[in-house]
Amino acid sequence: MFSEDFNEAASWLASAKRVVVFTGAGVSAESGIPTFRDAVGFWSRFTPETFATWQGLLDTANTQPAELTRFLIALLEPIAAARPNPAHLAIAEMDKHASVTVITQNVDGLHQDAGSGRVLEVHGSLLEVVDQEQRRIRNLTRADLVKIVRRLQRAEAHPEKKDLLAWAIRPLASLTPPGGYRPRIVLFGDQMAEPDWSEALQAAEECDCFLTVGTSGTVMPAAWLPSRARVAGAMVIGVGPESGVGDTCLQGQAGEIMPKLVQAAFSDAT
Ligand code: NAD
């Protein structure tokens with residue numbers, strides 16, 4: 001038996017002409033990728049002041065290479081091994097029934113792997129490498145990330161061999177010369193990824209149903225999107241363990257709620 005909120009959310013979704021699904025780290029938690037701000041999240045183990053800026057990472061490479069190696073293994077290993085979970089698959093399924101734009105803060109590529117057609121990555125992607133002018137110079141695969149993690153583990157086991165860290169991450173970022181190329185991810189102080197961010201603002205204003213899934217709503221400016229959508233007339237549905245920002249909040253794990261919600265909204269969906 002579903003709650004009144006759940007039935008209301010399903011009917012908004014079913015009748016929407018344009019849907020935005022706005023996702024954060026929580027949508028990938030059930031794929032084994034830790035979130036950043038939960039009690040056991042990433043920032044409880046690593047200080048954002050040091051590790052969330054590009055300059056901080058470059059400085060740490062010089063001053064604390066072993067700590068940077070540990071951080072990179074913790075960041076990359078779960079993303080290298082991740083596969084889409086039932087929430088990503090349910091979101092991709094929605095493409096068959098509605099005009100859907102996925103706006104994600106995640107950098108893990110899992111919406112594309114699940115088959116979603118239009119994905120705007122407002123914080124960029126760990127699977128793309130760009131030069132200093134943000135021109136794409138290559139794509140990476142999860143197999144490439146696995147290789148990088150194995151090399152980092154070698155560097156971790158041999159801290160006395162100073163060159164192993166730079167060698168390990170060479171496909172992803174250059175430490176010599178520092179910052180010559182890097183993953184296309186938005187760190188603290190960086191501009192939002194374009195053209196995705198401008199398109200996301202437009203999609204939020206044009207949709208009639210805006211679903212936020214697995215985001216704490218604290219990272220600016222992305223966290224403005226739900227209120228922009230609401231001001232422009234959309235119904236906002238929140239999905240996650242905490243009561244969130246929505247006109248209706250469906251509390252629980254995305255991997256449980258999203259398949260049921262999509263099924264209820266589009267009864268022939270699997
Ligand atoms: P956050 O870490 O601030 O918050 C995650 C939210 O997800 C929390 O509200 C939490 O309660 C919720 N959550 C946890 N498990 C969930 C589940 N199973 N189902 C639904 N919700 C669940 O994440 P954020 O708001 O996305 O912002 C953090 C920033 O860190 C983002 O900008 C993102 O770029 C980045 N990030 C990305 C990844 C990734 O690519 N997978 C992972 C961690 C962080």
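Visitor: I'd like to start with one residue: where is Pro195 found?

Guide: Pro195 sits in the loop between β6 and α9 (196-206). Helices here are DSSP runs of H or I with at least four residues, strands are runs of E with at least two, and both are numbered from the N terminus. Before we go on, this is a predicted model, in which local features need pLDDT of at least 70 and side-chain atom pairs count only at pLDDT 80 or more, while totals for chains, interfaces and linings use all residues. Residues are numbered from 1 along each chain as its sequence is written, and side-chain values use heavy atoms, with hydrogens and water left out.

Visitor: Is the peptide bond from Glu194 to Pro195 cis or trans?

Guide: Omega is the angle to read, and for Glu194 to Pro195 it is near 5 degrees, a cis bond. The bond from Met220 to Pro221 is cis too, with omega near 0 degrees. Pro221 belongs to the loop between β7 (209-213) and α10 (225-231).

Visitor: What about phi: what value does Gln134 have?

Guide: Phi of Gln134 is near 65 degrees, so we have a positive value in a residue that isn't glycine. Look for Gln134 in the loop between β4 and β5 (136-139).

Visitor: How do I read burial, and is Gln134 buried or partly exposed?

Guide: Go by relative accessible area: under 20% is buried, over 50% is exposed, and partly exposed is in between (1.4 Å probe, protein chains only). Gln134 has 47%, so it's partly exposed. Val149 counts as buried because its relative accessibility is 4%.

Visitor: Which helix holds Val149, and what does Val149 touch?

Guide: Val149 is part of helix α7 (residues 142-157). Contact means heavy atoms within 4.5 Å. Setting aside residues up to four places away in sequence, Val149 touches Leu76 and Glu77. Its C-alpha atom is also 9.5 Å from that of Thr69, though the two residues are 80 apart along the chain.

Visitor: Which residues of helix α3 are buried?

Guide: In α3 (residues 54-63) they are Trp54, Gly56, Leu57, Leu58, Thr60 and Ala61. Those buried residues pack against α2 (48-51), α4 (65-81) and β6 (181-185).

Visitor: How many residues are in the largest nonpolar core?

Guide: A nonpolar core is a set of buried Ala, Val, Leu, Ile, Met, Phe, Trp, Tyr and Cys residues joined through side-chain atoms within 4.5 Å. The largest has 39 residues, and those with the most contacts inside it are Leu68, Phe71, Leu76, Leu145, Leu152 and Ile169. Two or more residues each come from α3, α4, β4 (124-131), α7, α8 (164-168) and β6. Helix α4 gives the largest share of this core, nine residues. Apart from this core lies another, of 30 residues, including Val19, Met94, Leu211 and Val262.

Visitor: Phe71 caught my eye: what is Phe71 in contact with?

Guide: Skipping neighbours within four places in sequence, Phe71 is in contact with Phe42, Trp43, Phe46, Phe51 and Leu57.

Visitor: Let's zoom out. How many helices and strands does the protein chain have?

Guide: The protein chain comes to 11 helices and nine strands. Buried residues make up 51% of its 270 residues. Its C-alpha atoms fill a box of roughly 60 × 35 × 30 Å along the principal axes. Among contacts between residues at least 6 apart in sequence, 66% join residues at least 24 apart.
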